[in-house]
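Colleague: I would like a close look at one part of this model, and after that a connected account of how its surroundings are arranged. Please keep the wording careful, and give distances and accessibilities wherever they are at hand.

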Amino acid sequence: MSGEEEKGVIRISISLPPKLLEQLDEFIKNVGYASRSKVIQDAIRRFITEHEVMWNEEEEAVGLIAIVYRHDIRKLEEEITDIQHEYTQAITSTIHIHLTRERCFEIIALKGKVKHMRELLNSLEGKRGVEHAKLLIVSKI
Ligand code: NI
């Protein structure tokens, strides 16, 4: 593993369950990564970045909420719109897709504090007739 010979790189020893090591090697083979070290370095960086953004409520970030909900439940669409009107600071745009006769799919683009994104997600997913609600925080600003 040539990366470990580089100046400024410290060699460490880690323990992995055999099955996980097998999955790691399979992944390296399939994706074409240079080495185990490179995968582990990238995974650690990604893990730290995700945690910094996801778990810091005051962080300014961009992201999106995707929801699937029942179109055939009376007033639900109206309630979902009302909730969004409370978050005009965070919502930059909304795409509404009429999925089927009974269901709608909505993508809400967000920019602002992570805590507002989470609050909005909680308000939406708690509604009866909202079948799927996911928040994806893409990046810090
Ligand atoms: Ni619709």
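Does Glu22 count as buried or exposed, and at what relative accessibility?

Modeller: Glu22 counts as exposed, because its relative accessibility is 51% and the bound for that class is over 50%. Please keep in mind throughout that this is a predicted model, and that what follows is computed from its coordinates.

The partner of Glu22 is Lys19, with which a salt bridge is formed at 3.9 Å between the closest N and O atoms. Since a salt bridge is counted within 4 Å, the pair with its 3.9 Å is included. Lys19 likewise counts as exposed, at 53% relative accessibility. Helix H1 holds both Lys19 and Glu22, and their spacing of three residues corresponds to about one turn of the helix. As general background, oppositely charged side chains can pair when their charged atoms come close.

Helix H1 covers residues 18–31, and Leu20 is also part of it. Leu20 is partly exposed, with 41% relative accessible area, and it helps to make a nonpolar surface patch of about 510 Å², together with Ile10, Ile12, Ile14 and Leu16.

Following the chain onward, one reaches Ser35, placed in the loop between H1 and helix H2, the latter spanning 36–55. Ser35 is buried, because its relative accessibility is 15% and the class is defined by a value under 20%. The side chain of Ser35 reaches to the backbone nitrogen of Lys38, at a distance of 3.1 Å. Seen from Ser35, Glu52 lies 17 residues away in sequence, with 26 Å between the two C-alpha atoms.

The wider frame is set by the domain assignment, in which domain 1 takes in 15–54 and domain 2 takes in 60–140. The C-alpha centres of these two domains are 32 Å apart.

The search of the whole structure finds 13 salt bridges, and two further ones are worth setting beside the pair in helix H1. In one of them, the side chains of Arg118 and Glu57 meet at 3.0 Å, N to O. Arg118 belongs to helix H4 (residues 114–125) whereas Glu57 is in the loop between H2 and S1, so this pair ties together parts that are 61 residues apart in sequence. Arg118 is buried, with a relative accessible area of 18%, while Glu57 is partly exposed at 33%.

In the other, Glu58 forms a salt bridge with Lys113, where the closest N and O atoms are 3.6 Å apart. Distant parts of the chain are linked here as well, with Glu58 in the loop between H2 and S1 and Lys113 in strand S3 (residues 103–113), 55 residues apart. Through shared partners, salt bridges join Glu58, Glu60, Lys113 and Lys115 into one network. As for accessibility, Glu58 is partly exposed with a relative accessible area of 42%, and Lys113 also counts as partly exposed, at 24%.

Between strand S1 (60–70) and helix H3 (76–85) there is a loop that contains Lys75. The backbone of Lys75 deserves a check on your side, since it has a positive phi of about 70° although the residue is not a glycine. Lys75 is partly exposed, with a relative accessible area of 47%. Thr81, in helix H3, is partly exposed at 37%. The C-alpha atoms of Thr81 and Leu124 are separated by 9.9 Å, although their positions lie 43 residues apart along the chain.

Last comes the nickel ion, whose protein donors are NE2 of His96, ND1 of His98 and SG of Cys104, at 2.1 to 2.4 Å from the metal. The spacing of these donor residues in sequence is H-x1-H-x5-C. Their surroundings can be read from two accessibilities: His98 counts as exposed at 60%, whereas Cys104 counts as buried at 1%.

Technical notes
Residues numbered from 1 in each chain as written. Predicted model: local features only at pLDDT ≥ 70, side-chain atom pairs only at ≥ 80, totals over all residues. Heavy atoms only, no water. Domains from an automatic or database assignment. Donors = N, O, S within 2.8 Å, 3.2 Å for Na, K, Ca; no water. Buried < 20%, exposed > 50% of the residue type's maximum accessible area, 1.4 Å probe, protein only. Patch = residues over 30% accessible without salt bridge, like charges linked within 9 Å, V, L, I, M, F, W, Y side chains within 5 Å. Areas by Shrake-Rupley, 256 points an atom, 1.4 Å probe, with all protein chains shown as cover. Helix = DSSP H or I, 4+ residues; strand = E, 2+ residues; numbered from the N terminus. Polar contact = N/O pair within 3.5 Å; in protein donor to acceptor, adjacent residues only side chain to side chain.
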